[in-house]
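Please open the model in your viewer and keep the selection tool at hand. This tour goes from stop to stop, saying at each one what to select and what can be found there.

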Amino acid sequence: MEKTLGFADLLRLMDERSTAFRAAVAAAPSLDVRVPTCPEWTLFDLVQHLGEGRRKWAAIVAAGPADAPPAMSAPVAPREREALLAWFAASTGELLDALREAGPDRGCWTWWGPSQSPQTTGAVARHQLQQVAVHTYDAQVAVGAPQPLPDEVALDGVDEFLTTCVATTAAWPHKPAVIDYHATEGRSWRLWFSADGARAARLPTPVAGEGPEAAYVSARGTANELVMFCYGRIPMDSLRLDGDRRVFDQLIAWEPEE
């Protein structure tokens, strides 16, 4: 079974996606362009959100183990495009520097305590790569030039989303269910839902679909399509679905409370 991306790869890819993000913003006719995949936001709002997030997580990583995120104030994002892009580059640099200084195994506060992802700086790097990758896609959509995520980012993105954003100890409020995700690149994952919560696992080979562990519903697409579906960027019908799609409706509507 393939391993997840290494820490150095996460930082390298985060830097690459950040560069692609800045390129999309630089190509826009205006910072007031609306972002279709984030309909409440302009391109300026998207840059501000992502840049402030880089600085917030840099402070969290630097603080080390904690029960709550540290109090902080970030410099106001400038309105002029060249200055805004420099501000964003500095924000990215702060996060990358904090991660390099801490290394992958240091503990820190995270919001995903009940998930299957550890509360470590390595897990922060992994999630923040996906944040900048998906928002790079958002910026590219806004300027009419969307590009799929690099394969290594997308494949790790499916795994990261399921273990960090879906897995939980909160009780599933419906009948027990099993969902499979199959990437056309040859990797598969399974989610189990029950009164004990939700847990995820990567499958060594695609499941035959028979027996007591057969999935109630499965989704198949490229890894990029699966990531974009997970983050609500493309509709369910963009994937090949087999089984009871109502389970996906239940999952999309689920807002677990710990």
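What follows is a walk through a predicted model, with one selection at a time.

**The annotated domain**

Begin by selecting residues 12-140, where UniProt, in an unreviewed entry, places the feature "domain: Mycothiol-dependent maleylpyruvate isomerase metal-binding". The span is 61% helix and 0% strand, and the C-alpha atoms at its two ends lie 20 Å apart.

Next, pick out helix 3, residues 81-102, and look within that helix for Gly93. With a relative accessible area of 22%, Gly93 is partly exposed. Now add Asp15 to the selection: although Gly93 and Asp15 are separated by 78 residues in sequence, their C-alpha atoms are 8.5 Å apart in space.

**Rings and charges**

Show the aromatic side chains, among which there are 10 aromatic pairs. One of these is formed by Trp111 and Trp112, which meet edge-to-face with 5.1 Å from centre to centre and 85° between the planes. Is each of these two residues buried or exposed, or something in between? Trp111 is partly exposed, with a relative accessible area of 41%, whereas Trp112 is buried, with a value of 1%. If you extend the selection to Trp57 and Trp109, you will have one aromatic cluster on the screen, made up of Trp57, Trp109, Trp111 and Trp112.

Two arginines are also worth a selection here. Arg79 lies over the face of Phe44, at 3.8 Å from the ring centre. The charged end of Arg199, for its part, sits over the ring of Trp192, at 4.2 Å from the centre of that ring.

**Helix 6 and its surroundings**

Now select residues 223-230, which make up helix 6. Why can this helix be called largely enclosed by the rest of the structure? The reason is that 7 of its 8 residues are buried, and a residue counts as buried when its relative accessible area is under 20%. The buried residues of helix 6 are Ala223, Asn224, Leu226, Val227, Met228, Phe229 and Cys230.

To see what surrounds them, colour the elements against which these buried residues pack: helix 4 (121-142), helix 5 (151-166), strand 1 (177-183), strand 2 (187-194), strand 4 (217-221) and helix 7 (246-253). Before leaving, select Gly232, which follows helix 6 and has a positive phi, near 70°.

The contact with helix 7 can be followed at one particular pair of rings. Phe229 is buried, with a relative accessible area of 9%, and Phe248 is buried as well, with a value of 1%. Phe229 and Phe248 form an edge-to-face aromatic pair, with 5.5 Å from centre to centre and 85° between the planes. This pair links distant parts of the chain, since Phe229 belongs to helix 6 and Phe248 to helix 7, 19 residues apart.

**The largest pocket**

For the last stop, display the surface and look for the largest pocket, which has a volume of about 510 Å³. Which residues should you select to find its centre? Of the 22 residues that line the largest pocket, Phe161, Cys165, Val166, Leu251 and Trp254 lie nearest to its centre. The elements that give two or more residues to this lining are helix 5, helix 6 and helix 7. Helix 5 contributes the most, with 4 residues in the lining, so that colouring this helix is a convenient way to end the tour.

Key
Residues are numbered from 1 along each chain as its sequence is written. This is a predicted model: local features need pLDDT of at least 70, side-chain atom pairs count only at pLDDT 80 or more; totals for chains, interfaces and linings use all residues. Side-chain values use heavy atoms; hydrogens and water are left out. Buried means under 20% relative accessible area, exposed over 50%, partly exposed in between (1.4 Å probe, protein chains only). Contact means heavy atoms within 4.5 Å. Rings of Phe, Tyr and Trp (its six-membered ring) pair if their centres lie within 6.5 Å; planes under 30 degrees apart count as stacked, over 60 as edge-to-face and the rest as tilted. A charge sits over a ring if NZ of Lys or CZ of Arg is within 6 Å of the ring centre and within 35 degrees of the ring normal. UniProt positions are given in the numbering used here, feature names are shortened, and annotations may be inferred rather than shown by experiment. On a 1 Å grid over the protein atoms alone, a cavity is a set of points where a 1.4 Å probe fits but cannot get out, and a pocket is an open set with protein on both sides within 12 Å along at least five of seven lines; lining residues have an atom within 4 Å of a point. Grid points are joined across faces, edges and corners, and a volume is the space filled by probe spheres set on the points.
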